[in-house]
Amino acid sequence: MRVWISGLAVLADGMAGWEPARAILRGEAAWQPTPCALPPPATLAPNERRRTSPIVRLAMTVAGEACAAAGCDPAKVHNVFGSSNGDGMVVNTILQALADPTAGVSPTQFHNSVHNAAAGYWTIGSQSHQPVACFGGYDWSWGFSLLQAAAEAVVEEKTVLLCVYDMTMPQPLAQKRPTQGTFGVGLVLSPHPVPHAPAVLDMEYGPEGAADTALTLPDAQTTAALRALCHDNPAARCLPLLAAIAQGGMHEIRVAGDVGHVAIKVTPC
Amino acid sequence: MTAAMTALHVTAGTGISAIGLGVAQTLAALRDRRTGLERCDFAGITHGYAGSVAGVQTHALPPALAAYDCRNNRLIDMALRTDGVADAIMSARAHYGAGRIGVVMGTSTSGVLASEDAFCAMDAQGRLPAHFDYEHTQDLFSLARYVRAALDLGGPALCVSMACASSSRAFMDAAYLIRAGLCDAVVVGGADSLCRMTLRGFAALELVSAQPCRPCDASRDGISIGEAAGIVLLERADGRAVSGPPAGFRAAVLGYGASSDGHHMSTPHPHGAGAVLAMQRALQSARLPVDAIDYINLHGTGTRANDAMEDKAVGTLFGAQVPCSSTKGWTGHTLGACGVLEAMICALAIEHGFMPGCLGVDEVDPAFRTDVLTGNVTRPVHHVMSNAFGFGGANCSLIFGKAA
């Protein structure tokens, strides 16, 4: 499967956008895990905006920035959202309420607990009537969501926005599913050549188990810190691909997928 | 626009719900118009009616997969063992190779009941019990990983989670894997099990009826929550010759369509604009005109707003011409599993030439303009549309036809 990347966005601790991320991944800037700002989504009406949780803001920001970078109308793209834990904060809060015989479940919390809440707010904000798919794939959410987004782009011959995100899991759920940091990534994938695309991806699925291609940057300290981020946050597992795009040149990348893997050939345009 | 598709074949399939395990029991309950809903009595919650699957509490997973033990994975394991579906998948695996068979499962809450129990058992220091295994139970992906592990499959795997449209959308994502050449076959399905989160969450939204749900009735006042699991094997039309006795049901998937309301998190678009789009896209992808549809299995949850919206949407496209009904009066709303469960009901309607009329309806809402069935009708059925609409404004329509 071949898809062109027409837009890219990143929002993560210490990476307030694709340009700063690109500089870090090229070894031109150091990475400091400064918590990133999660702006309230301007596309929503004030009453909806108030209900958005940090992770919804994260997903909506990268989705919007990826579409802006691609120069495409957010209401026209197909959408694929991937997240390992979804809104762990909301789920954790509801689980605490359910264990307390005196507490009630908040209706707003309940409808925000669905795994597709971020995608729902995104389509409300962009007034989109286009299809959405929302996936969970544990530590492999990034690779499998990317594979599926590319398949949809190629089969439907449509531009597909891929948005993958995960955030720090609160206690007590974090005892059993530790997830650290804030990481969101957005890619706009086109099944046809597009002007100004930074790279084209050729993707295959391999049924053999494989490790993720290890992130290697010019600076050893940054490499170690960002490898730790890849370990701690499933969405950050996109970093080896983003580094390949940032650094230019041809790369072959493997993304682990439970028992199999996704193989990606990255070619600069 | 959705690209026109070549039909894919369901070469084996089954479903389990409150009305029974598999094709024969489900068919008998539909024909006898016998509901599976009973007064809710789950984890101390007694509001309304619920549809529970018999035997799930005592069902044991294979010892090698014990880490996955939770109500949701027990449900999917029970489905795998119903109607010989696992054996049929094994036969496909022998033909294509394990690495060419993907797994796409739909679920809204996966094994969250395991977390609920763990939170109830938290110690005074706030520690969750040592035996609680989040990764293999509550985590969304645990359902797809379980199916993959139980069948020893090696293709791509994913869980789709978009509330009540989850397992309908799973058919689409499975079709993409096959049509993109990544898989020769995909095990598609879903499971959602009774848990405190959905029972109390929907109650908090005041969407649970005190009575068994009555979709399309003038005095309908909410849903009954059910649990279910379903599994189908989806293959390319030119994949392989399938012989031997049928494993459950067979059908052709002729088309699919998805859309977003872009309107509200928990309230459907009042005119059903998103639902109309999903149905139109499904017809386009199947290359079928509206008058080719013989029966519509509605999402039909039984809430005031959802049923009214769906009546408007179906009426906009089909007028009053096409018989339609909801089967949630039998099974309850099985949430993320309803798409795959109702796919089985659609296949039974086609194979046996009957349409199940809504259960428990005294008077169809007089404001409705579609042809809502309130009794079973026996008549040849060639093409069926199945609708599913979820929180977040996710809509999905599937079109099924006769098995090849």
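Student: Which residue takes a positive phi just after α5(B)?
Tutor: In this predicted model, local features need pLDDT (the predictor's confidence in each residue, from 0 to 100) of at least 70, side-chain atom pairs count only at 80 or more, and totals for chains, interfaces and linings use all residues. Residues are numbered from 1 along each chain as its sequence is written, chains are lettered from A and ligands numbered from 1 in the order written, and side-chain values use heavy atoms, without hydrogens or water. Helix α5 of chain B, a DSSP run (H or I, at least four residues) numbered from the N terminus, covers residues 142-151. Just after it, a positive phi of about 55 degrees is taken by B:Asp152.

Student: How many of the ten residues of α5(B) are buried?
Tutor: Buried means under 20% relative accessible area with a 1.4 Å probe, protein chains only. The buried residues include B:Leu143, B:Tyr146, B:Val147 and B:Leu151, and also B:Arg145 and B:Arg148. The helix is largely enclosed by the rest of the structure, because the number of its ten residues that are buried is eight.

Student: Which element gives the most to the lining of the largest cavity?
Tutor: A cavity is a set of 1 Å grid points where a 1.4 Å probe fits but cannot get out, and lining residues have an atom within 4 Å of a point. The largest is lined by 27 residues, with A:Ser113, A:Val114, A:His115, B:Ser108 and B:Thr109 nearest its centre. The elements giving two or more residues to this lining are α4 (88-98) of chain A and α7 (196-204) of chain B. With three residues, the one that gives the most is α7(B).

Note on methods
Buried < 20%, exposed > 50% of the residue type's maximum accessible area, 1.4 Å probe, protein only. 1 Å grid on protein atoms, 1.4 Å probe; cavity = no way out; pocket = protein on both sides within 12 Å on 5 of 7 lines; lining within 4 Å.
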